[in-house]
Every structure is written in C-alpha cells, then in structure tokens.
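Please read this report with the sequence and the 3D view side by side, and look up each residue as it is named. The text goes from the overall layout to single residues.

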Amino acid sequence: RLAQPGAMPPRGERRERERPGDLADEPRESKRGAMFKQRAQERQKWLKMGANGFPGEDKKDGGRDGGPPAKVQKAADGGPIRLGSSIKPFEAAEETIAKIPWVSSGLRVRVVDEDGAYKSSHLKKGYITKINAEKLTADVVVDGGDKLQDVSQDLLETVVSKGCTRVEVVRGTSKGVVADLIERDAKRNIAVVLVKTTQVKGEAEARLELALDDVCEFKQ
C-alpha cells in the first residue's frame, strides 16, 4: 500500500541521516540552531589549536580539561603541523642536556676546532695530560710539542690508531676499564677488547665487543 504524504516510515526502515563534515560525530541532540553554530565555532578553534576530538570530551588519561593537550607544536599559521611539513620537531635546549664526561689523563685524542681558539691545532692528535672534571676540559700535548690548555671535551675526539694495543672504555657500562685491544674494525665501527677479572666480574678474562667510538687509545 502507498504511504501517505508526511507519514513516518516503518520502524525497520528508519535510517539516521548522515551528517557530512567535521561534525559527523557530533551528538545529534546538539545540532539545533544557535547551539550548533556555537559548537561548530568551538570545534574549529579546537582543531586550530592542535587538539583532537571535541572540546570538553573525556580524555583517555582522565579529566575534561577544556583545553588542548600540553606542548602542542604549531605551524607558522597557528595550526597543527601536517604530515610532510618541513618544520622541525621539538628540540631540547642544549643547556638542558646533561653532558657525559669521558676525557681522562692518558687518552690519545684528536683536536677538532676549525674556527676557534685552537684552530692552529685542528685535526692534530695528542695525549691528555690533565683534566678539569667540573668544566669538562683537558690539557693536551699535541704531536710536535704544542701544549693546549682548557680544551673543551666537545672539541676532542677519541682516537684508536692502527697500531694501538691498549684502550680505555670511555662510554657504556664498562666505562673507565682499561683493556687490551684484540681487534679493530673501522668499517664496522667495532673494537674487540680483553679485560681482566679485577675490572669486570665473571671469568678470568672477559672478551667484549664494543663500538669503536666507545673506546680510546690509552698511553701505557
């Protein structure tokens, strides 16, 4: 039989109308006149602030904060950073990064200071004779006899020469251990060392495979 004009369709045939756009998931009862317009404006502001979902909705971590999540990085236009953007992510300030000291007396190092106070010794190698643990600086006698004072460890690099037989571990759990160098592979950045039981718990001798950058030639 034909349905009368204006009559409601049978219950089984009722379908909720799809609502296109950003408000597709918005509760249906709020889509009414001025309330709908207000919610739409709040939604657009919310998205521009880099937040997800809807203003005031419950968060998985608890609470209705009524504002965007903390530390949301924004693009130049104030909106969120999009996929493929050239904008760099958050970077920690250099002064907030704890520097790990590795310099110690007897290490053979390379000076790397192309434009600074030690540029005349740039890329020269030498031995550390004294360190200042608080300032993380070292006095270095470079090959040729020149003496450099208060060189920051940031301007020094570890060295493991081809003929080296003794190294000190400068990073990692075995930091400070002096060991015999068994193998040196610069291409794979690997150093194989042999340490004594007096320095490492375990067997009479322990064979360790470390990153080449984590060991430094040690003056016997």
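The following paragraphs describe the fold, the strand pairing, the nonpolar cores and several loop residues of this predicted model.

**Overall layout**

The protein contains one helix and 10 strands, and when the elements are read from the N terminus on, the helix comes before the strands, in the order α-β-β-β-β-β-β-β-β-β-β. Of its 220 residues, 29% count as buried. Among contacts between residues at least 6 apart in sequence, 38% join residues that are at least 24 apart.

**Strand pairing around β1**

A good place to begin is strand β1, which covers residues 108-111 and runs antiparallel to strand β2, residues 125-132, with three bridges joining the two. One residue of β1 to look for here is Val109, whose bridge partner in β2 is Gly126. Strand β1 also pairs with strand β5, residues 156-158, again in the antiparallel sense and over three bridges. In this second pairing, Arg110 has Glu157 of β5 as its bridge partner. As general background, the side chains of a regular strand alternate between the two faces of the sheet.

**Two nonpolar cores**

In soluble globular proteins, nonpolar side chains tend to be buried together. Which residues have the most contacts inside the largest nonpolar core? They are Trp102, Leu107, Val109, Ile128 and Leu156, in a core that has 15 residues. Strands β1, β3 (137-142) and β4 (147-152) are the elements that give two or more residues to this core, and the largest share, three residues, comes from β3. Apart from this core lies another one, of 14 residues, among them Val160, Cys164, Leu181 and Val193.

**Trp102 and its surroundings**

Trp102 deserves a closer look, since its partners come from several parts of the sequence. Leaving out residues up to four places away in sequence, Trp102 touches Leu107, Val109, Gln153, Leu156, Glu157, Thr158, Val170, Arg171 and Lys175. Arg171, one of these residues, lies over the face of Trp102, at 5.6 Å from the ring centre. A second case of this kind is found at Tyr127, where Lys219 lies over the face of the ring, at 5.3 Å from its centre. Pairs of aromatic rings, by contrast, are absent, for the structure holds zero of them.

Gln153, another residue that touches Trp102, is placed in the loop between β4 and β5. Is Gln153 buried or exposed? Gln153 counts as buried because its relative accessibility is 6%, and the limit for buried is under 20%. A polar atom of the Gln153 side chain lies 3.2 Å from the backbone nitrogen of Trp102. When neighbours within four places in sequence are left aside, Gln153 is in contact with Ile100, Pro101, Trp102, Val103 and Leu136.

**Loop residues**

Several other loop residues can be described by their place and their accessibility. Lys99 lies in the loop between α1 (33-48) and β1, and the side chain of Lys99 makes a polar contact, at 2.7 Å, with the side chain of Asp154. Although Lys99 and Leu136 are 37 residues apart in sequence, their C-alpha atoms are 8.8 Å apart in space. In a similar way, Ala133, found in the loop between β2 and β3, is 31 residues from Trp102 along the chain, while their C-alpha atoms are separated by 9.5 Å.

Two loop residues other than glycine have a positive phi value. For Leu123, in the loop between β1 and β2, phi is near 70°, and for Asn189, in the loop between β7 (178-185) and β8 (190-196), phi is near 55°.

The table lists the accessibility of these loop residues.

| Residue | Relative accessibility | Class |
|---|---|---|
| Lys99 | 43% | partly exposed |
| Leu123 | 52% | exposed |
| Ala133 | 62% | exposed |
| Asn189 | 30% | partly exposed |

Leu123, at 52%, is exposed because the limit for that class is over 50%, whereas Asn189, with a relative accessible area of 30%, is partly exposed.

Terms used:
Residues are numbered from 1 along each chain as its sequence is written. This is a predicted model: local features need pLDDT of at least 70, side-chain atom pairs count only at pLDDT 80 or more; totals for chains, interfaces and linings use all residues. Side-chain values use heavy atoms; hydrogens and water are left out. Two strands pair if DSSP finds at least two bridges between them. Helices (H or I, at least four residues) and strands (E, at least two) are DSSP runs, numbered from the N terminus. A nonpolar core is a set of buried Ala, Val, Leu, Ile, Met, Phe, Trp, Tyr and Cys residues joined through side-chain atoms within 4.5 Å. Buried means under 20% relative accessible area, exposed over 50%, partly exposed in between (1.4 Å probe, protein chains only). Contact means heavy atoms within 4.5 Å. Rings of Phe, Tyr and Trp (its six-membered ring) pair if their centres lie within 6.5 Å; planes under 30 degrees apart count as stacked, over 60 as edge-to-face and the rest as tilted. A charge sits over a ring if NZ of Lys or CZ of Arg is within 6 Å of the ring centre and within 35 degrees of the ring normal. A polar contact is a pair of N or O atoms within 3.5 Å; within protein, one must be able to donate a hydrogen and the other to accept it, and residues adjacent in sequence count only if both atoms are side-chain atoms.
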